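These are my notes from going through one chain with the structure open beside me. I wrote each entry as I looked things up.

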Amino acid sequence: MKLTQYFGLFLAAGLSSLVVYLGSAPPVVSQPVVQLETEPPLNQVVPAAAPVQLNLQAVDSSQRPLADANIAIRLLTPAKTPWLTSDFPIVEGTTLLAMNAIAPTGALQIEQTLPIRGTY
């Protein structure tokens, strides 16, 4: 009889500890996302012709804008290739833009001229 009492006491203590542990666990938070839209659309951009407007929006998992978002941006030119070069090979593989910005409403707009054709 004593063995079953100890077992019951041990089981009750273990379950209560588990409830306390699970109750104090931090909530699961998903990673925020930065959405990008360009004007004109990327498939219509003509290199070195006109600036491209980059519209960035930081949102949470339910697509709501994040207030006071800290957005880090790094825009690179397409990498050098041994086969075909661009019209302006000296800028291939270079950094066009590197910055950190605070977006009070989660939105950030930048204009940047893309100097060569390729995937940015």
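Entry 1, overall make-up. What share of the contacts in the chain with a separation of 6 or more is between residues 24 or more positions apart? I looked this up in a predicted model, and the share is 60%.

I then listed the elements, and found one helix and five strands. Reading from the N terminus, I get the order α-β-β-β-β-β. The chain has 120 residues, and 22% of them are buried. I noted an accessible surface of about 9,200 Å² for the chain, with 63% of it on carbon and sulfur atoms.

Entry 2, the sheet. I traced an open sheet of three strands, and I read their order as β1-β2-β5, with antiparallel pairing. Why does one side of β1 and of β5 have no neighbour in the sheet? Both strands stand at the edges and each has a single partner strand, so one side of each is left free of a neighbour there. The twist from one strand to the next averages 20 degrees.

I took the two pairings in turn. β1 (residues 33-39) pairs with β2 (residues 52-59) in the antiparallel sense, and I noted seven bridges between them. Along this pairing, Leu36 has Leu56 of β2 as its bridge partner, and Glu37 sits opposite Asn55 of β2. β2 is also joined to β5, by six bridges, and these two strands again run antiparallel. On that side I found Leu54 opposite Ile110 of β5.

Entry 3, the nonpolar core. Which residues have the most contacts inside the largest nonpolar core? They are Leu56, Ile71, Ile73, Leu108 and Ile110, in a core of 15 residues. I checked which strands feed this core: β2, β3 (69-76), β4 (95-103) and β5 supply at least two residues each. Two names recur from the sheet entry: Leu56, the bridge partner of Leu36, and Ile110, which faces Leu54.

I followed Ile71 further. Setting aside neighbours within four places in sequence, Ile71 is in contact with Ala58, Met99, Asn100, Ala101, Ala103, Gly106 and Leu108. Leu108 is thus on the contact list of Ile71 as well as among the core residues with the most contacts.

Entry 4, Thr38 and the turn-off from β1. I went to Thr38 in strand β1. Is Thr38 buried or exposed? Its relative accessible area is 16%, and the cut-off for buried is under 20%, so Thr38 counts as buried.

I then looked at what the side chain of Thr38 reaches. One of its polar atoms lies 3.0 Å from the backbone oxygen of Pro40, and the side chain also reaches the backbone nitrogen of Leu42 at 3.3 Å. Beyond four places in sequence, Thr38 is in contact with Val52, Gln53 and Leu54. Of these, Leu54 already appeared opposite Ile110.

Pro40 itself lies in the loop between β1 and β2. The peptide bond joining Glu39 and Pro40 is cis, with omega at about 0 degrees.

Entry 5, backbone angles in the loops. I checked for positive phi in residues other than glycine, and wrote down two. Ala48 has phi near 60 degrees and is in the loop between β1 and β2, the loop that also holds Pro40. With a relative accessible area of 52%, against a cut-off of over 50%, Ala48 counts as exposed. Gln63 has phi near 65 degrees and lies in the loop between β2 and β3.

Entry 6, Thr85. My last stop was the loop between β3 and β4, where I found Thr85. How far apart in space are Thr85 and Ile116, C-alpha to C-alpha? The distance is 9.9 Å, and in sequence they are 31 residues apart. Leaving out neighbours within four places, Thr85 is in contact with Glu92 and Arg117. Its relative accessibility is 46%, so I entered Thr85 as partly exposed.

Note on methods
Residues are numbered from 1 along each chain as its sequence is written. This is a predicted model: local features need pLDDT of at least 70, side-chain atom pairs count only at pLDDT 80 or more; totals for chains, interfaces and linings use all residues. Side-chain values use heavy atoms; hydrogens and water are left out. Buried means under 20% relative accessible area, exposed over 50%, partly exposed in between (1.4 Å probe, protein chains only). Contact means heavy atoms within 4.5 Å. Accessible areas come from the Shrake-Rupley method with a 1.4 Å probe; for residues, only the protein chains shown count as cover. A polar contact is a pair of N or O atoms within 3.5 Å; within protein, one must be able to donate a hydrogen and the other to accept it, and residues adjacent in sequence count only if both atoms are side-chain atoms. Two strands pair if DSSP finds at least two bridges between them. Axes are lines fitted to C-alpha atoms, for helices over the stretch in contact, and angles run from 0 to 180 degrees between N-to-C directions. A nonpolar core is a set of buried Ala, Val, Leu, Ile, Met, Phe, Trp, Tyr and Cys residues joined through side-chain atoms within 4.5 Å.
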